[in-house]
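Open the model in your viewer and keep the sequence panel beside it. This tour goes stop by stop, with something to select at each one.

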Amino acid sequence: MTKEELGQLIDLRKEIKELDEKIERLKKQRVGNVSDRVHASMQEFPYCYTTVTITGVDQKESKKRRAVITENEMLLLKRRQQAVDAEYRISKFIANIEDSKMRRIISLRYEEGHSWTEVADIMNYDRTYPSKAVTKYLKEHGEKKGKTGNRK
């Protein structure tokens, strides 16, 4: 894992949320919901005059348009799944850090989005310590993983 990969976590979460909103909008377009207001009266006495909003599905919407919307929706779902997979991989990495201090530093920086100076202030360290400690940890972790990854 690198600092650059960890730095993607907040943006991945934002992207997932944005993609969810886009997918929901496309679903609404695909269904072709329409609404209208009609005049009605209450069913029981006193028979008060009122306006009611009704909704339904537009049967005239073209199949071709729905197919394009569905294709776009599938592309967004694929992008969303890629973002979810990357977010999960990074979150799992952070959760599996055994050293509490390192896990807190990485969490404050990459999950909560604090600057290195803010992380140092929160944890009462020198301004440069958190960044250097993470760099050292990631380098050591990468080397250990590389060594164990070559065994069979």
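Is Arg80 buried, partly exposed or exposed? Select Arg80 and show its surface. Its relative accessible area is 24%. Buried would need under 20% and exposed over 50%, so Arg80 counts as partly exposed. Keep in mind throughout that this is a predicted model.

**Stop 1: the whole chain**

Zoom out and colour by secondary structure. The protein has six helices and two strands. Read from the N terminus, the order is α-α-β-β-α-α-α-α. Of its 152 residues, 22% count as buried. Now turn on the surface. The accessible surface comes to about 11,400 Å², and 51% of that belongs to carbon and sulfur atoms. Contacts across the sequence are plentiful here: among contacts with a separation of 6 or more, 59% are between residues 24 or more positions apart.

**Stop 2: Arg80 and its partner**

Return to Arg80 and add Asp20. The two form a salt bridge, with the closest N and O atoms 2.4 Å apart. Arg80 sits in helix H3 and Asp20 in helix H2, so you are looking at a link between distant parts of the chain, 60 residues apart. Asp20 is partly exposed, at 34% relative accessible area.

Now add Glu18, also to be found in helix H2. Its C-alpha atom is 9.3 Å from that of Arg80, although the two residues are 62 apart along the chain. Glu18 counts as partly exposed, because its relative accessibility is 47%.

**Stop 3: the Arg13 network**

How many salt bridges does the structure hold? There are five. Side chains of opposite charge can pair when their charged atoms come close.

Select Arg13, Glu87 and Glu111. Salt bridges with shared partners join these three into one network. Take the Glu87 side first. Arg13 and Glu87 form a salt bridge whose closest N and O atoms are 2.9 Å apart. Arg13 is in helix H2 and Glu87 in helix H3, so this pair ties together parts 74 residues apart in sequence.

Then look at the other side. Glu111 also bridges to Arg13, here with the closest N and O atoms 3.9 Å apart. Glu111 belongs to helix H4 and Arg13 to helix H2, so this pair ties together parts 98 residues apart in sequence.

Check the burial of each member. Glu87 counts as buried, at 18% relative accessibility. Arg13 is partly exposed at 33%. Glu111 is partly exposed at 27%.

Stay with Arg13 and pick Ser91, in helix H3. Leaving out residues up to four places away in sequence, Ser91 touches Leu9 and Arg13. Its relative accessibility is 19%, so Ser91 counts as buried.

**Stop 4: the largest core**

Hide the surface and show nonpolar side chains. In soluble globular proteins, such side chains tend to be buried together. The largest nonpolar core has 21 residues. Those with the most contacts inside it are Leu6, Phe93, Ile94, Met102, Ile106, Val134 and Tyr137. Helices H2 (9–31), H3 (63–95), H4 (100–111), H5 (116–123) and H6 (129–149) each supply at least two of its residues. H4 gives the most, with five.

Centre on Ile106. Setting aside neighbours within four places in sequence, Ile106 is in contact with Leu6, Ile94, Ile97, Glu111, Val134 and Tyr137. Apart from this core lies another, of five residues, including Ile23, Leu26, Ile69 and Leu76.

**Stop 5: along H4**

Select H4. Its buried residues are Met102, Ile105, Ile106, Ser107, Leu108 and Tyr110. At the start of H4, a side-chain oxygen of Asp99 comes within 3.2 Å of the backbone nitrogen of Lys101. Just after H4, look for Gly113, which takes a positive phi of about 80°.

**Stop 6: down the axis of H5**

Which residues of H5 are buried? Select Trp116, Val119, Ala120 and Met123: these are buried. View the helix end-on. The four cover an arc of only 100° around the axis, which puts them on the same side of H5. An α-helix has 3.6 residues a turn, so residues three or four places apart point the same way. Finish at Asn124, just after H5, where phi is positive at about 60°.

Conventions. Residues numbered from 1 in each chain as written. Predicted model: local features only at pLDDT ≥ 70, side-chain atom pairs only at ≥ 80, totals over all residues. Heavy atoms only, no water. Core = buried A, V, L, I, M, F, W, Y, C linked by side-chain atoms within 4.5 Å. Buried < 20%, exposed > 50% of the residue type's maximum accessible area, 1.4 Å probe, protein only. Contact = heavy atoms within 4.5 Å. Arc of directions from axis to C-beta. Polar contact = N/O pair within 3.5 Å; in protein donor to acceptor, adjacent residues only side chain to side chain. Salt bridge = Lys/Arg side-chain N within 4 Å of Asp/Glu carboxyl O. Areas by Shrake-Rupley, 256 points an atom, 1.4 Å probe, with all protein chains shown as cover.
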